[in-house]
Amino acid sequence: MRALSGRTDRVVVVGAGLSGLSAAMQLAGRGRSVTVVERGLHPGGRVGRADVNGYRLDTGPTVLTMPDIIDEAFAAVGESLADCLPMDPVHPAYHAKFADGSALQVHTDAAAMAAEIERFAGRAEADGYLRLRDWLTKLYRTEFDGFIADNFDSPLSLLTPSLARLVALGGFRRWEPVVRRFLSDERLLRVFTFQALYAGVPPQSALAVYAVIAYMDTVAGVYFPRGGMRALPDAMAAAASRAGVEFVYGAPVSELEFSGSRVAAVRTLDGLRVPADAVVLTTELPDTYQLIGRTPRRPLRLRPAPSAVVAHVGCRAVGDGAGQEAGHHTILFGDAWKQTFRDIIDDGKVMGDPSLLVTRPTAGDPSLAPPGRDLLYVLAPAPNTEIGSMDWDAAGSGYVQQMLSAVRDRMPGVGDDAELLHVVTPADWRRQGMAAGTPFALAHTFAQTGPFRPANTVRGVDNVVLAGSSTVPGVGVPTAILSGRLAADRITGIPVRRLTSEVNHS
């Protein structure tokens, strides 16, 4: 791995999202003087927040996995995640509800999940699940250190023994066909492939290497931090501050001051000049290339991921029966599953038969809503603004009402006495500066995977490293944390550390 040359004593991190916070913690732990410059008034980036009518909303991701990866960032500054942020496992990880009226609880415990699948689809499918679980675990352990959590200097960097093992496991085949080797029930196939939506590619054509997302969800487990998702960046920023990292909030970066091929300082709109020996940019890719004054040439045009519509709803607290059915995370699968991907990825239109993610964070922390009330987060995948033609400002409210009607119809007792608190559409994401109006950055196509994804170094700029969803390793909370660590590795070289894949996650 190539590391930066020259002095790297003073590092400026632009952006206090998860990748920027992770980079700052790693760099501070390695003896660098670190300043984080953030345009917003608080840390978090895509892990957004809003306070409305006594509700505390998380406007970004709601599904949290792989806390051991997060713990590595805290360990870099001599602290631990357990001490800094109380976090509870979510049991079951998901409730899955299907168009035929059937329902499945998705457990991360092997015996509990096998028993649930046997009840749901028979013994043969339960046996297939256990074989699938074993394959997912082997895939993750093979893939992590040699593929997900590694810097690539060129595609030739892939040519390692880990690649041969990954090929032998079927990692470069297609995701859904590989899962079909273990399961035949179409409903179960959806449970173990819907995560392709996060990667922005239909499961029929997504690489099987991305089935590690299903490992993270269904094997390693889902967690929820007390105080909501916003508590994670708050805890990371607090630990970084205790380690000496300086934070400057409300300071949009206006330019980088160059001295030859190196950045000498970062300047903000209000005139602040922060000297730098090295810079970590976590900005949106178009903003990044504008700041550095160049756009790397690629043989293929970058393809953004699909977007989403998110509605935050306050409602009467669900009763015991409905609450048990709703749980923390519920996936409502529509009947026309394959058409869903064609609608939002190929045709640029909203789903004709919507599949929705409904999160009830008050199941894990009732203090996020006023007494006697629940908070719902309803997400509908949608086309990004590059391919989609919908006028969200004109038609968005009508579509949101369709989403909420679907929730009430499919989850009786959930969403009563509803008040719509906050809505984010692809047009809103775009106004926030997200390219193509998507919070999921670049799709994980083969041409945008591993060494083929936009690199975290830029040719011709000697002391700038990139981090965040648009560079390696990709989209998601664990990968954002890893992205910050990979950026730190580029600056300092790779320190001696325990390999995460050696931890037994099963």
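1. In which hand, left-handed or right-handed, does helix 2 pass helix 17? In this predicted model, the crossing of helix 2 past helix 17 is left-handed. The axes of helix 2 and helix 17 come within 9 Å and make an angle of roughly 30° where they cross.

2. The contact behind that crossing can be followed residue by residue, since helix 2 contributes I69, I70, E72 and A73, which meet P478, I481, L482 and R485 in helix 17. Sorted by class, the contact of helix 2 with helix 17 has 6 nonpolar and 2 charged residues, with no polar residue taking part.

3. Helix 2, which covers residues 67-76, also packs on helix 11, residues 231-242, and the axes of helix 2 and helix 11 come within 9 Å while crossing at roughly 20°. Angles under 35 degrees count as roughly parallel, and helix 2 and helix 11 are therefore described as roughly parallel to each other. The crossing of helix 2 and helix 11 is left-handed.

4. Which residues make the contact between helix 2 and helix 11? On the side of helix 2 they are I70, A73 and F74, and these meet L232, A235, M236 and A239 in helix 11. The residues of this contact of helix 2 with helix 11 divide into 7 nonpolar, no polar and no charged. A reader comparing the two contacts may wish to look at I70 and A73 of helix 2, which are listed in the contact with helix 11 and also in the contact with helix 17.

5. Helix 15 spans residues 392-410, and its 19 residues reach 25 Å from the first C-alpha to the last, a value close to the 27 Å expected at 1.5 Å a residue. The buried residues of helix 15 are W392, G396, Y399, V400, M403, L404, A406 and V407. These buried residues pack against strand 15 (307-316), strand 16 (329-332), strand 17 (356-359), strand 18 (373-382) and strand 19 (419-424), as well as against helix 16 (426-431).

6. P495 lies in the segment that follows helix 17, the helix of residues 477-492. Is P495 buried or partly exposed? With a relative accessibility of 29%, P495 counts as partly exposed, because the range for that term runs from 20% to 50%.

7. The surroundings of P495 bring together positions separated in the chain, for P495 and R30 are 465 residues apart in sequence, yet their C-alpha atoms are 8.5 Å apart in space. Leaving aside residues up to four places away in sequence, P495 touches R30 and D489.

How values were computed. Residues numbered from 1 in each chain as written. Predicted model: local features only at pLDDT ≥ 70, side-chain atom pairs only at ≥ 80, totals over all residues. Heavy atoms only, no water. Axes fitted to C-alpha atoms, helices over the stretch in contact; angles between N-to-C directions. Helix = DSSP H or I, 4+ residues; strand = E, 2+ residues; numbered from the N terminus. Parallel < 35°, antiparallel > 145°, perpendicular 65-115°, else oblique. Left-handed = near helix turned anticlockwise from the far one by under 90°. Contact = heavy atoms within 4.5 Å. Nonpolar A, V, L, I, M, F, W, Y, C, P; charged D, E, K, R; others polar. Expected span 1.5 Å × (residues − 1). Buried < 20%, exposed > 50% of the residue type's maximum accessible area, 1.4 Å probe, protein only.
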